[in-house]
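Subject: Handover of the structure

Dear colleague,

I am passing this structure on to you, and I would be glad if you could look through it before reading my notes. Please keep it open beside this message, since the notes move from residue to residue.

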Amino acid sequence: MEAPANSSTPREGFLPHSEVCCPMEDPVICIPPYHYVHVLDLNSNVTRVEVGPHTYIRQDHERVVFVPRRMVMVLRWHYCVVLNPMARGPTGAVVINGAGQACLWHADLDIHLAQEPFPLYPGEEIKQDITPLQMVLADTALRLRALLDFTDEDGKKFLAGDEWLFEGPNTYIPRKEVEVAETLQATVIGHNQAIHLRARKECLDRNGTRHITGEEWLVKQVGAYLPGVYEEVVDVVDAYILTRQALHLRATWTFEDEEGRVRRTGEEWLVTQAESKAYIPEVFEEVVAEVAVTTLGPRQYCMVLDPMGTNGQPQLGQQLVVKGEKSFFLQPGEWLQAGIQDVYVLSEDEGLLLQALQTIKDTNEEGKEVTQQAGDRWLAWGPLEYVPPAEVTVLERRWAVALADNEGIYVRDIRTGKPPRHPLPVPPSPPAAVRAWQHPEVALAAGAGGDGPDLHADGVRGAVGEGAAPWGGGAAGRSPWRHPRHGHWGPVFLQPGCWGPPT
C-alpha cells in the first residue's frame with residue numbers, strides 16, 4: 001500500500017515519538033521493529049500496547065489510537081523521566097489488573113537510563129526528554145536535597161529535606177527522590193589569602209571542627225577548597241603586607257586569637273611586621289586604619305600622651321618622652337602633643353628657662369642632685385643638648401648679655417620685684433629669677449634730653465664714667481632706666497661682669 005503524499009517514511013535520526021504513516025482505519029496495521037501502537041477495545045474500553053515487528057489485524061470492535069510510533073531509545077550516558085509510570089512486579093513484569101489494563105503510579109516519576117527501547121503504556125508521558133547525564137568535574141560538587149524519605153543502594157536512609165554533596169570527578173545518576181539544589185565550585189586560596197566561611201546550619205567542617213549556625217571562620221590553607229554542604233562562602237580575604245606600616249585592629253566580638261590571647265569586644269591593638277609580614281584579619285577583627293611608622297632622628301624627640309602601659313591599656317593623663325634615634329608605632333589611644341620636635345642644642349652663651357610641672361629630681365651645674373618643686377624655675381646652661389622630661393616645660397630660650405666696661409642693665413627679681421642684694425655671678429646665662437625692666441616713660445624723657453640722678457647697681461648715687469658705651473638715645477649717651485628698688489630715674493649699670501637678659 002502506498003503511503004499518502006503528506007506522510008514520511010521511517011529513517012535514521014527519528015525522534016522517539018516520530019510516527020510511521022499508516023491509516024488507522026485499515027484492518028491490517030504493519031508495525032515496524034522498535035515501534036508500537038495503542039489499541040482500544042471498544043467492548044471493554046481497555047487500551048493495550050502492540051509492539052513490532054508485527055502485522056496486526058484489527059478487529060471490528062477495536063480501534064488503533066495512533067499510527068505506529070518509535071519506541072523510546074535512551075542512549076548510553078543519557079536518561080529520561082517518565083510521568084505516571086506503569087507498576088512493575090518483583091520480577092520487573094508489568095502489573096495488569098483484572099480488566100487487562102496496565103496499572104500506573106499516578107503523579108509519580110520514573111527515571112529510565114540506558115536500556116533496550118521501550119514503549120509508553122497508556123497514561124505514561126515523557127516529562128523530561130532524553131538528556132545527557134551530568135558530569136561532575138574535579139573541584140566541583142552538586143548540592144543535593146531529598147524530596148522524599150528513601151534508602152539508597154548502600155542502605156543509608158535519607159529524610160525529606162536532608163542535604164549532602166556529590167563530589168567530582170564522577171557522573172551523577174539522578175533519582176526521583178532527589179533534586180539538584182545547586183552546583184558548587186571550589187574556591188582557590190592563594191598565598192596570603194583566606195576564604196571567609198559561614199555555617200548555614202550546625203555542621204562539621206573538613207577538619208572535623210564543629211560549628212554552630214551562623215558561626216564564621218577563616219580557612220587559610222593554600223589550594224582549592226570545596227565548601228561543605230552547610231557552608232557558604234562569604235568572601236575571599238587578602239592579606240595586608242606590612243612593611244613600614246602597622247595595622248590598627250579592633251575586636252568586634254570577644255574571641256580567642258591564634259596565639260591563645262582573649263580579645264574583648266572593643267579592644268584595640270597593633271600588628272606590626274615583627275609579628276607578621278603578611279597579616280589576614282580574623283572574622284571578628286576590624287581594620288581601623290593603617291598606622292605609619294614614626295621615625296626620630298638623632299637630634300629629635302617627641303612627647304607621647306596617654307602612652308600604652310605594660311598591661312596593654314592606655315595610661316590616661318600620663319606622658320612619655322621618646323628620644324631619637326628611634327622608629328616606633330603609636331599604639332591605639334596614643335598621640336603626639338606637638339609632633340616631632342628638635343632637641344635644644346645650646347652653645348656657651350645660651351640657656352633655657354625651665355619650670356617644673358611637678359616635683360622632680362634634677363642635676364645642677366655642679367653635677368649635684370637637687371630636688372625641684374612644682375613651679376620652680378631654673379636655667380639649663382650650655383653647652384649641652386637638652387631634651388625636656390615630661391615633668392618640665394621650657395618657658396623661653398635666653399642668650400647671655402655681653403657688657404663692656406661702664407655698661408650695665410637694670411635687673412629685678414620677678415618674685416619680689418626688687419633688685420638682687422649682691423652683685424650677680426657670672427654664669428654662662430642669666431639667672432632664672434632676674435629680668436631686665438624699662439618703664440616706657442623713661443624712654444620718652446630720655447628722648448627730650450631729661451637727666452636724673454645716676455645710681456650704681458647697689459643703689460648708691462654715682463656718676464657715669466667717661467667713655468661708657470651708651471645703650472640708647474639718652475642725654476650724653478645715657479640710657480634712662482628706672483631703678484627697680486627705689487624707682488629713681490637715671491642710667492644704672494651693673495658692675496662689670498654681671499649678666500642680665502636682653503632688653
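What follows is a summary of what was found, going from the whole chain to single residues.

Please bear in mind from the start that this is a predicted model.

The chain as a whole

The chain has 503 residues, of which 37% count as buried, and its secondary structure consists of 48 strands and one helix. When contacts with a separation of 6 or more are taken, 66% of them are between residues that stand 24 or more positions apart. The chain exposes about 28900 Å², and 51% of that area is supplied by carbon and sulfur atoms.

The nonpolar cores

The largest nonpolar core holds 15 residues, and the members that touch the most other members are I195, L197, V219 and Y225. Two elements, β18 (193-199) and β21 (216-219), give two or more residues to this core, and the largest share, three residues, comes from β18. If you would like a place to begin, I195 is in contact with T187, I189, W217, L218, V219, Y225, V233 and D235, once residues up to four places away in sequence are left out. There is also a second, separate core, which has ten residues, among them F66, V72, C80 and F118.

Two buried residues in strands

T140 belongs to strand β11, which covers residues 140-146, and with a relative accessibility of 8% T140 counts as buried, because the cut-off for that class is under 20%. Beyond the residues up to four places away in sequence, T140 touches F166, E167 and G168, then T183, L184 and Q185, and finally L226.

H248 is part of strand β25 (residues 245-251), and H248 is likewise buried, with a relative accessible area of 13%. Which side chain does H248 join in a polar contact of 2.8 Å? The partner is the side chain of E268. With residues up to four places away in sequence set aside, the residues that H248 touches include E268, W269 and L270, as well as E286, V287, V288, A289, V291 and P332.

E334 and the loop residues it meets

E334 sits in the loop between β34 (326-328) and β35 (335-342), and although E334 is a loop residue, its relative accessibility of 15% places it among the buried residues. Two backbone nitrogens are reached by the side chain of E334: that of M308, at 2.6 Å, and that of Q331, which lies 2.9 Å from a polar atom of this side chain. E334 and M308 are 26 residues apart along the chain, and their C-alpha atoms are separated by 7.1 Å. Apart from neighbours within four places in sequence, E334 is in contact with V304, L305, D306, P307, M308 and F329.

One of those contacts, D306, deserves a separate look. D306 is placed in the loop between β32 (300-305) and β33 (319-323), and its phi is near 55 degrees, which is a positive value in a residue other than glycine. Is D306 buried or exposed? With a relative accessible area of 17%, D306 is buried.

Backbone details in other loops

Y34 also has a positive phi, near 60 degrees, in a residue other than glycine, and Y34 lies in the loop between β1 (28-31) and β2 (35-41). Y34 is partly exposed, with a relative accessible area of 44%.

Finally, please check two peptide bonds when you go through the model. The bond from G52 to P53 is cis, with omega near 5 degrees, and P53 is found in the loop between β3 (46-51) and β4 (54-57). The bond from G382 to P383 is cis as well, with omega near 5 degrees, and P383 is located in the loop between β40 (377-381) and β41 (384-386).

With kind regards

Definitions and conventions
Residues are numbered from 1 along each chain as its sequence is written. This is a predicted model: local features need pLDDT of at least 70, side-chain atom pairs count only at pLDDT 80 or more; totals for chains, interfaces and linings use all residues. Side-chain values use heavy atoms; hydrogens and water are left out. Helices (H or I, at least four residues) and strands (E, at least two) are DSSP runs, numbered from the N terminus. Buried means under 20% relative accessible area, exposed over 50%, partly exposed in between (1.4 Å probe, protein chains only). Contact means heavy atoms within 4.5 Å. Accessible areas come from the Shrake-Rupley method with a 1.4 Å probe; for residues, only the protein chains shown count as cover. A nonpolar core is a set of buried Ala, Val, Leu, Ile, Met, Phe, Trp, Tyr and Cys residues joined through side-chain atoms within 4.5 Å. A polar contact is a pair of N or O atoms within 3.5 Å; within protein, one must be able to donate a hydrogen and the other to accept it, and residues adjacent in sequence count only if both atoms are side-chain atoms.
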